[in-house]
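Open the model in your viewer and keep the sequence panel beside it. The stops below say what to select next and what is there.

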Amino acid sequence: MMSDPSPTGELEAQSKTLESASQADWAQKRVFRELKGMLQTVRQELKTVTPSALQPDRMRYFEEQLERLSHLLEHVEDVQRTRLEIQLITQIAQKLANVLELQEVLNLILDSVKQVVDYDAAGIFVVGENGQVIVGEVQRGYEESAFGKVRQKLGQGIMGWAMEHMAPIVVADVSRDPRYISARTQTRSELVVPLFTGGKVIGAFNLESDRLAAYNEKDAEHLMTFASHAAVGIERARMHRQILEKQRIDEELALARRMQLSLLPREAPKLENFEVAGINVPSEEVGGDYFDYIRLTDKDLGIVVSDVAGKGVPAAFIMASLRASLRIESVSHYAISTILSRVNDFLFESIEPERFVTLFYGVIDARARILTYANAGHNPPLLLRQNGRRELLSEGGLLLGAFPAALYHEHRVYFSPGDLLVLYTDGISEAENARGEQFGLDRIEAVAREAAPRGCEATIESVLKAVRDHVGDAGLQGASLSRDDLTLMVIRCL
Amino acid sequence: MTLKTREQNNVMILEVKGKMMGGPDQQLFQDAIKEQIAQGYKRFIFDLGGVDWMNSSGLGSLIGALTSIKNAKGDLKLASVTDKIRSLFLITKLVTIFDSYDNVNEALKSFGA
């Protein structure tokens with residue numbers, strides 16, 4: 001004999017069983033109602049019997065029997081309720097194991113609860129990820145327009161109390177409870193239990209009834225059982241959502257990294273009288289650092305170091321536009337001031353007002369050993385003179401892309417053999433150690449000067465190592481990725 | 001980052017504290033400015049004395065706010081800019097763009113308020 005391999009068959013059988021079980025429950029409820037009614041009638045009848053018609057001890061006997069019967073009935077009803085609860089919880093647990101759609105599970109829980117603890121309005125509410133904003137997950141019986149009020153209830157009111165004190169609360173008459181915030185005019189009594197996972201309150205489960213004193217401690221206990229399952233479902237769904245979100249971010253970052261990498265130069269250019277080297281170490285989040293060499297003539301080389309505000313794919317896109325625009329303008333115009341004005345206007349037209357770019361652009365005339373540059377709001381490159389002086393190349397103008405019609409001024413510096421130019425982004429200069437001290441320009445200068453005789457590549461290696469040593473345990477060590485892109489270009493006049 | 005707003009002589013004063021960086025904070029900041037502009041405020045002071053850290057996205061928020069305010073024919077003054085932010089303004093040359101004052105009172109005076 002083969003067993004039915006399809007899980008659908010199993011589910012169908014299960015749902016049939018549950019259907020007939022729920023019919024049986026309904027029949028049972030009717031029997032209980034009838035029995036209660038009968039008890040009530042006998043009690044009333046007993047009251048109308050004149051005391052003389054029965055001996056007092058006989059009378060007491062009847063009363064006692066009635067009382068016992070009433071207790072018995074309550075007990076049986078409670079057992080039934082627990083049995084039903086177990087049945088429903090089993091169903092919920094199965095759903096929890098197979099279904100990742102949180103809404104579906106929570107809806108099932110709300111409908112199941114109604115069979116065990118009746119309500120006129122109910123909601124399962126979850127505290128938002130940032131711990132403040134409150135999100136209603138599923139609800140019954142509230143008007144759409146009142147939902148803002150319901151959310152408010154979670155932070156304050158009776159729900160707020162249950163969450164703060166991590167305990168269930170039964171309010172027999174909401175009109176007498178000053179904590180109550182009304183979201184339904186018909187509500188007379190309320191029951192709230194907090195939702196926990198891992199000892200932390202993540203929300204509340206709220207029932208409202210149009211009857212006074214509709215809930216007791218037993219109801220609270222039952223609701224707690226359902227609430228614990230709801231919490232498991234919420235936590236699982238949250239984790240699943242986080243995994244998906246992380247996957248999405250990882251894919252996006254991989255794309256940004258590929259974009260950034262494809263736009264960076266693969267090797268340093270050969271240049272008369274100069275040695276050049278550059279590097280970009282992308283950060284974990286992929287910052288918008290960009291450096292480039294633009295060959296203008298056999299003796300003129302354009303050099304670029306730039307930082308796009310923001311991270312990830314948006315920054316990578318701006319970087320791609322910037323590179324295209326700069327390359328087009330730099331071969332069409334001679335004056336650096338014009339080139340930057342045009343790039344600024346192009347970026348201003350194409351990017352959001354919150355985004356901008358800082359950029360250093362210069363042209364080295366290798367034969368004449370002259371650098372003409374304009375600095376558009378970028379960290380000033382260090383010109384470390386052979387004679388020990390340090391010059392900051394900060395002349396130019398405003399950062400790019402944020403304001404229209406900005407003007408830029410170009411400047412000229414003359415190199416002597418042995419002079420060293422260090423261009424960088426803030427990932428280098430502002431790298432912080434655990435005490436919050438930045439790496440700073442003095443450290444860049446000291447390390448670069450010391451390493452310079454060993455060549456530009458070696459200088460870059462030394463500065464990067466020094467930055468990593470400085471950051472130490474505050475950031476990530478070794479070859480792993482740091483919080484910010486690290487970009488360096490070193491140019492030595494031979 | 002936390003934001004507190006108060007009004008004095010028809011000038012909207014935003015007190016910013018903590019770290020100014022991207023993400024949800026940037027949205028919060030933009031929304032706050034847009035809301036005040038929608039309410040008809042034209043003159044703004046950002047009190048930055050309590051900002052202990054600002055990255056490029058935070059700087060972007062300031063630029064975006066200035067743009068929104070200028071577009072609404074309004075004006076923005078900065079007050080109590082810390083040394084760290086001042087050096088960021090110097091590097092990016094934003095010193096030429098932002099009007100900054102030693103404290104909120106000086107900024108209010110410049111509005112004639």
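**Stop 1: a strand pair in chain A**

In this predicted model, select strand S11 (residues 382–384) of chain A and strand S15 (residues 420–424) of chain A; the two run antiparallel and are joined by three bridges. Now pick Leu383(A): the residue opposite is Leu421(A) in S15(A).

**Stop 2: the sheet around that pair**

Widen the selection to the open sheet of five strands in chain A, whose order is S6-S16-S15-S11-S12 with antiparallel pairing. Which strands stand at the edges? They are strand S6 (274–281) and strand S12 (390–392) of chain A; each has a single partner strand, so one side of each has no neighbour in the sheet. Looking across the sheet, neighbouring strands are turned by 15° against each other on average, direction ignored.

**Stop 3: two helices on the sheet**

Add helix H10 (residues 440–451) of chain A, which packs on the sheet and touches S11, S12, S15 and strand S16 (486–493) of chain A. The direction of H10 makes about 40° with that of S11(A). Next add helix H11 (residues 456–471) of chain A, which also packs on the sheet, touching S6 and S16 of chain A. Here the angle between the direction of H11 and that of S16(A) is about 145°.

**Stop 4: the nonpolar cores**

Select Val357(A), Val422(A) and Ala448(A). In the largest nonpolar core, which has 105 residues, these three touch the most other members. Apart from that core lies another, of 45 residues; Phe125(A), Val126(A), Val138(A) and Leu207(A) are among them. As background, nonpolar side chains tend to be buried together in soluble globular proteins.

Go back to Ala448(A) and show its contacts. Leaving out residues up to four places away in sequence, Ala448(A) touches Leu384(A), Leu420(A), Val422(A), Thr459(A), Val463(A) and Val490(A).

**Stop 5: strand S4 and its partners**

Select strand S4 (residues 189–197) of chain A. Seven of its nine residues are buried, so S4 is largely enclosed by the rest of the structure. One partner is strand S3 (residues 169–171) of chain A, which runs antiparallel to S4(A) and is joined to it by three bridges. In this pair, Ile169(A) stands opposite Val192(A) in S4(A).

Strand S5 (residues 200–209) of chain A also pairs with S4(A), in the antiparallel sense and over nine bridges. Pick Val193(A) to find Phe205(A) in S5(A) opposite. What links S4(A) and S5(A)? They form a hairpin with two residues between them, and Gly198(A) in the turn has a positive phi of about 50°.

**Stop 6: chain A as a whole**

Zoom out to chain A. Its secondary structure comes to 11 helices and 16 strands. Of the 494 residues in chain A, 37% are buried. Taking contacts in chain A between residues at least 6 apart in sequence, 65% join residues at least 24 apart.

**Stop 7: chain B and the interface**

Show both chains: 14 residues of chain A are in contact with 16 residues of chain B. On the side of chain A that touches chain B, seven residues are nonpolar, five polar and two charged. The predictor gives the complex an ipTM of 0.90 and a pTM of 0.67.

Finally, colour chain B by pLDDT. The average is 92, and 100% of the residues score at least 70. Where in chain B is confidence lowest and highest? The lowest mean, 88, belongs to helix H1 (residues 24–38) of chain B, and the highest, 97, to strand S4 (residues 75–79) of chain B.

Methods
Residues numbered from 1 in each chain as written. Chains lettered and ligands numbered in written order. Predicted model: local features only at pLDDT ≥ 70, side-chain atom pairs only at ≥ 80, totals over all residues. Core = buried A, V, L, I, M, F, W, Y, C linked by C-beta atoms within 7 Å. Buried ≥ 20, exposed ≤ 12 C-beta atoms within 10 Å, placed from the backbone. Contact = placed C-beta atoms within 7 Å. Nonpolar A, V, L, I, M, F, W, Y, C, P; charged D, E, K, R; others polar. pLDDT = per-residue confidence, 0-100. Helix = DSSP H or I, 4+ residues; strand = E, 2+ residues; numbered from the N terminus. Pairing = 2+ DSSP bridges. Axes fitted to C-alpha atoms, helices over the stretch in contact; angles between N-to-C directions.
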